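This report looks at how nonpolar side chains gather in a protein model, and then at a sheet and the helices that lie across it.

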Amino acid sequence: MTDSTDQSDPAELAALRDTVRGLMPRLRTDLEALTRIPSVSLPAFDQSHVDASAEATAALLRAEGLEVEIVREGGAPAVIGHIDGPDGAPTVMLYAHHDVQPPGDDADWDSAPFEPTERDGRLYGRGAADDKAGIMAHIAALRAHAGQLPVGVTVFVEGEEEVGSDSLMTILERHGDKLEADAIVLADSTNWDIGTPALTTTLRGLIRVVVTVTTLDHGVHSGMFGGAVPDAITALVRLIATLHDDEGNVAVTGLRSGEAADLEFSEERLREESGLLDGVSTIGSGSLLSRMWTKPSLTTIGINAPSVEKSSNTLVPTASAKLSMRIAADEVPTDAFVALEKHLLENAPWGAKVEITLDDQGAGFAADASGPVYDQARAAFADAWGKEPVDIGVGGSIPFVAAFAERFPDAAILVTGVEDPDTRAHGANESLHLGEFEKVCVAEAVLFARLGSMRRS
Ligand SMILES: [Zn+2]
């Protein structure tokens, strides 16, 4: 594509903003209807609701003139819709997901999770933000340009994001050609705070391993042999202790690490958001955001060893731990696994036998956050908020982002979102900030117009 204009016409912008404002009541009604469908994709829940949310999503897209199909490739139903744009106009692919997390305990909610309720400018409900508001932001942009779309639009709404997108690779294999686009908008992340839009440009990847340490071929009496013979739990704990240096930085050598954008994030805010106890220090060095977004981290998430209740005076012969390592966005997961494996083998205390198995791995994502599509996206955000967007990272993994980056290497990938720091996605009292949501809708509508001003070269 070539860049034709990056000047926005103030009158056109004001008109689009007014159009979106006028659309908000109906968008809200449709969002509430979607939120009332308890489309929890966890298998223990009634999956007919996931079917119902796919149908409801399909109906919303059909009403905007899209050709729509519901596809299922061994997992939950996904919705694919398409509508052509003018000749020569670029195509935008819009992603969201229609499944939701389980509500948890109803008693933790101030209003019923599947009965959307407004309080203080926020709409409360499971999925009211994550990610049914993502679906509605796409609908908003389509409605804002109804009858005169400046771009071709393909919409892909997945039904199993909250359970790990298991059939996504198969869907991309079998239906990927329908999803080809010049720009991809993945609306499932967050903005920086109320009033400050953000593009998520890095996501960390993940390596999970189980390490088993064995020192004896059977358990023996700790009184008879203790002092001369090592037990496996102590050996395992010593091995785990080598994974960080004294400051708390990951001590595994050969891992990549980057720097986060220079944004204000105080230790006070970290303590408040994480519940870190007074007197307990943070770990690692460098800015807090780089520690959480762009550097590796390593956590022991489980240990197999006799429980305190079932313990006896025995030198335990074998013990294992599950380690979860977050890796830098541009790290190759298999390289990180090899580095971790090497570290664990080389640091085995007292010659203990160490076995490592890879439990799970996922690539991170580092956007090439430059070029004409990113320029237009940043301008669209600035148009909508009156403030330039910031580049943020996310410390966790969003596996589908890497899947799209791999399948569509030539498309510009924008990770946007409807959330803000108070959204509590996945938690009790999940909510959407309605004022910010309108800006999200304006930004996407403006993005369509801006991308439409670009032509394929
Ligand atoms: Zn989500």
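In this predicted model, the largest nonpolar core holds 86 residues, and the members that touch the most others are F156, L186, F404 and F437. Helix α12, spanning residues 434–452, supplies the largest share of this core with 11 residues. If residues up to four places away in sequence are left aside, L186 is in contact with Y95, F400, V401, F404, I413, L414, V415 and T416, and F404 thus appears both as a contact of L186 and among the members that touch the most others. A second core, separate from the one just described, comprises 28 residues, including A235, L255, A339 and L344.

The sheet considered here is open and consists of 4 strands in the order β11-β13-β9-β14, with antiparallel pairing. Because β11 (297–304) and β14 (353–362) stand at the edges and each has a single partner strand, one side of each is left without a neighbour in the sheet. From one strand to the next, the twist averages 20°. Between β9 (residues 205–214) and β14, the antiparallel pairing extends over 9 bridges, and L206 has G362 in β14 as its bridge partner.

Two helices lie across these strands, as the table sets out.

| Helix | Residues | Strands it lies across | Approximate angle |
|---|---|---|---|
| α6 | 232–241 | β9, β11, β13, β14 | about 15° to β13 |
| α9 | 333–346 | β9, β11, β13, β14 | about 160° to β14 |

The angle for helix α6 refers to β13, which covers residues 318–327, whereas the angle for helix α9 refers to β14.

Notes. Residues numbered from 1 in each chain as written. Predicted model: local features only at pLDDT ≥ 70, side-chain atom pairs only at ≥ 80, totals over all residues. Heavy atoms only, no water. Core = buried A, V, L, I, M, F, W, Y, C linked by side-chain atoms within 4.5 Å. Buried < 20%, exposed > 50% of the residue type's maximum accessible area, 1.4 Å probe, protein only. Helix = DSSP H or I, 4+ residues; strand = E, 2+ residues; numbered from the N terminus. Contact = heavy atoms within 4.5 Å. Pairing = 2+ DSSP bridges. Axes fitted to C-alpha atoms, helices over the stretch in contact; angles between N-to-C directions.
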